[in-house]
Amino acid sequence: MFGIIKKGLARLAEREVDFMAKIKLQGITQRFDGVAAKDLKVGDVLIWNHGCKSEIVNIQPSKTGKTYVISCKSMQDGIVRERKTTVTREFAVERKEPTNPIDKAIKTRENTYRGIYSDVGCVLDGFTTAELAEYYIQRFGDGGLRYFLEQQIIAAEISKAKQFR
């Protein structure tokens, strides 16, 4: 008799685990898979009660690593708001598929034994320098690229000056 009860409780626990893994939002009949705050990425779209959405624009971990401050840009009014959350809190997320060909290529790359540096490098070989520069500027801004270019130009001028001495 106790064996039957144990089996029944095990089945109930399995159902509860399946049920607990889904997030139910107010005003939406659909249930969403929960994504822990530690697994969120810039560009993910968070879904809130009643279907409101916001895009993650920045994730700032705390000094201890137990909490995050997530900056979200509302898709309704465009205002960026910050939310403090624990790393284990789960959110309803709508992942955006990359539209940029370079992002697509990086996301769908083959993972080999050589490592990420080699794998991404092989993928980027298929793009021109101009495409990569434009991609870098759009994604990261021109600060780092400008600094690199300035250093290269200065090094070339120093080298040229040394040749003529």
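Biologist: Hi! Which residue does Cys 72 stand opposite in β6?
Modeller: Cys 72 stands opposite Arg 81 there. Keep in mind that this is a predicted model.

Biologist: Got it. How many bridges join β5 to β6, and which way do the strands run?
Modeller: There are seven bridges between β5 and strand β6, which covers residues 80–86, and the two run antiparallel.

Biologist: And what sits between those two strands?
Modeller: β5 and β6 make a hairpin, with five residues between them. In the turn, Gly 78 has a positive phi of about 80°.

Biologist: What about the other neighbour, β4? How many bridges join β4 to β5?
Modeller: Seven bridges join β4 to β5, which spans residues 67–74, and this pair runs antiparallel. For an example, look at Ser 54: its bridge partner in β5 is Ser 74.

Biologist: Which glycine should I look at in the hairpin of β4 and β5?
Modeller: Try Gly 65, which takes a positive phi near 85°. That hairpin has five residues between the strands.

Biologist: Let's zoom in on Val 57. Where is it found?
Modeller: Val 57 is in strand β4, which runs over residues 53–61.

Biologist: Why does Val 57 count as partly exposed?
Modeller: Val 57 has a relative accessibility of 37%, so it counts as partly exposed. The buried class is under 20% and the exposed class is over 50%.

Biologist: Which residues is Val 57 in contact with, leaving aside neighbours within four places in sequence?
Modeller: Its contacts are Val 42, Ser 71, Cys 72, Lys 73 and Val 80. You met Cys 72 earlier, as the residue opposite Arg 81.

Biologist: What separates the C-alpha atoms of Val 57 and Arg 81?
Modeller: Those C-alpha atoms are 9.8 Å apart, and the two residues are 24 residues apart along the chain.

Biologist: Okay, helices now! Which residues of α3 are buried?
Modeller: In helix α3, residues 116–124, the buried ones are Asp 119, Val 120 and Val 123. They cover an arc of only 90° around the axis, so they lie on the same side of α3.

Biologist: What do those buried residues pack against?
Modeller: The buried residues of α3 pack against α2. To see the α2 side, find Ile 106, since that residue lies in α2, residues 101–107.

Biologist: Which residues does Ile 106 touch, not counting those up to four places away in sequence?
Modeller: Ile 106 touches Val 120, Val 123, Leu 124 and Tyr 135. With Val 123, the C-alpha separation is 6.6 Å, although the pair is 17 residues apart along the chain.

Note on methods. Residues numbered from 1 in each chain as written. Predicted model: local features only at pLDDT ≥ 70, side-chain atom pairs only at ≥ 80, totals over all residues. Heavy atoms only, no water. Helix = DSSP H or I, 4+ residues; strand = E, 2+ residues; numbered from the N terminus. Buried < 20%, exposed > 50% of the residue type's maximum accessible area, 1.4 Å probe, protein only. Contact = heavy atoms within 4.5 Å. Pairing = 2+ DSSP bridges. Arc of directions from axis to C-beta.
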